[in-house]
Amino acid sequence: MESVVADRSTLSEAARRRMLALPGEPMFYARWDRAVFIHYEADPATLQRDVPFDLDLHEGRAFVSIVAFTLARMRPRIGGRFGEWLFKPIATHEFLNIRTYVQHRGEPGIYFLAEWLSNPLSVRLGPRTFGLPYKFGRLIYEHARVRGEIRGDVEACEGRLSYQGDVAERSFAPSEPGSLTEFMLERYTAFTRHGKRRRLFRVWHEPWPQEPLDIDTTADDLLASTGNWWQTAEYVGANYSPGAEVWMGRPHRI
């Protein structure tokens, strides 16, 4: 189904207002550091069979993205230093998300086909609290842009993902309004399903500062474990961002 959102240029501000309209939001603060986005186009009909929400299409095309980043200093909004101390065991670690683009009742968002984390405690907490499809993996990221080069390697029971790339420029800017890059990067709602329970949670951040990334994926059998979409996948591009400060909302039942 085509997204009903006509103007994506104000998505960040609209997301901020939507989150703050509910009591008790946000629930957490964090930073998403040194994010790598790798994008694929997939056959919509094939992908839809693996997704329990309506796909959000861009000009009739469906997409799946790999997002590799480091979660840093996650802490509750309330509780001050004591709350931050309590969260130290799960506050900082690497993430790998395999996500597609969906919408529900006119609200665009993402749906996670799979996620791998390097923190065993977080792996146990995510499915129960947010309905997230967490799995444990060995994640090694070198995203600090030493001489412009970045690398990543993820190993899990389901397979391996390995990539290397080069950040061509050293200037970052938000995505062009209305562009495919904005469509894929500027997402502020996650829809989840765990068993029969469907939920959503919202996030907010300033628009991602980003630039195109030249990437070479040298191992990708991990992606085949996330659904039949991979059989139809075609690489369309990649982006790199130094990161963003993020508000993270609480889960809500749908």
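Helices (H or I, at least four residues) and strands (E, at least two) are taken here as DSSP runs, numbered from the N terminus. With that convention in hand, the loop between α1 (11–20) and β1 is where Pro 26 is found. The model described here is a predicted one. In this model, Glu 25 and Pro 26 are joined by a cis peptide bond, with omega at about -5°. This bond is worth a second look, because most peptide bonds are trans.

Two arginines in strands also deserve attention for their backbone angles. Arg 34, found in strand β1, has a phi near 50°, a positive value in a residue other than glycine. Arg 73, found in strand β3 (residues 62–76), likewise has a positive phi, near 55°. Most residues other than glycine have a negative phi. Arg 34 is partly exposed at a relative accessible area of 33%, and Arg 73 is partly exposed at 45%.

Helix α4 (residues 120–130) offers a clear view of how one element is placed in the fold. Its buried residues are Ser 122, Val 123, Gly 126, Pro 127 and Phe 130. Seen down the axis of α4, these residues fall within an arc of 125°, so they line one face of the helix. Arg 124 and Arg 128, on the other side of α4, are exposed. The cover over the buried residues of α4 includes the strands β1 (28–42), β4 (93–104) and β5 (107–117), together with β6 (134–136), β10 (189–194) and β11 (197–204). Both ends of the helix have a local feature to note. At the start of α4, a side-chain oxygen of Asn 119 comes to within 2.9 Å of the backbone nitrogen of Leu 121. Just after α4, Gly 131 adopts a positive phi of about 75°.

Turning to the interior, the largest nonpolar core contains 38 residues, and Leu 96, Ile 98 and Trp 229 have the most contacts inside it. A second core, separate from this one, has 31 residues, including Phe 28, Val 67, Phe 183 and Leu 185. What does Ile 98 touch, not counting residues up to four places away in sequence? Its partners include Val 64, Ser 65 and Ile 66, the run Tyr 111, Phe 112, Leu 113 and Ala 114, and also Trp 116, Leu 223, Thr 226 and Trp 229.

Aromatic side chains form a further theme. A search of the whole structure finds 19 aromatic pairs. One of them joins Phe 172 and Tyr 240 in a tilted arrangement, 6.1 Å centre to centre with 45° between the planes. Phe 172 lies in the loop between β9 (159–167) and α5 (180–185), and Tyr 240 lies in strand β13 (residues 234–248), so the pair ties together parts that are 68 residues apart in sequence. The two partners can also be described by their accessibility: Phe 172 is partly exposed, with a relative accessible area of 27%, whereas Tyr 240, at 2%, counts as buried. Elsewhere, one aromatic cluster is formed by Trp 32, Phe 37, Phe 69, Phe 95, Tyr 134 and Trp 208.

Rings also meet charged groups in this model. The charged end of Arg 16 sits over the ring of Trp 204, 5.9 Å from its centre. The charged end of Arg 187 sits over the ring of Phe 183, 4.4 Å from the ring centre. Phe 183 is also among the residues of the second nonpolar core.

Notes:
Residues numbered from 1 in each chain as written. Predicted model: local features only at pLDDT ≥ 70, side-chain atom pairs only at ≥ 80, totals over all residues. Heavy atoms only, no water. Buried < 20%, exposed > 50% of the residue type's maximum accessible area, 1.4 Å probe, protein only. Arc of directions from axis to C-beta. Contact = heavy atoms within 4.5 Å. Polar contact = N/O pair within 3.5 Å; in protein donor to acceptor, adjacent residues only side chain to side chain. Core = buried A, V, L, I, M, F, W, Y, C linked by side-chain atoms within 4.5 Å. Phe/Tyr/Trp six-rings, centres within 6.5 Å; stacked < 30°, edge-to-face > 60°. Lys NZ or Arg CZ within 6 Å of the ring centre and 35° of its normal.
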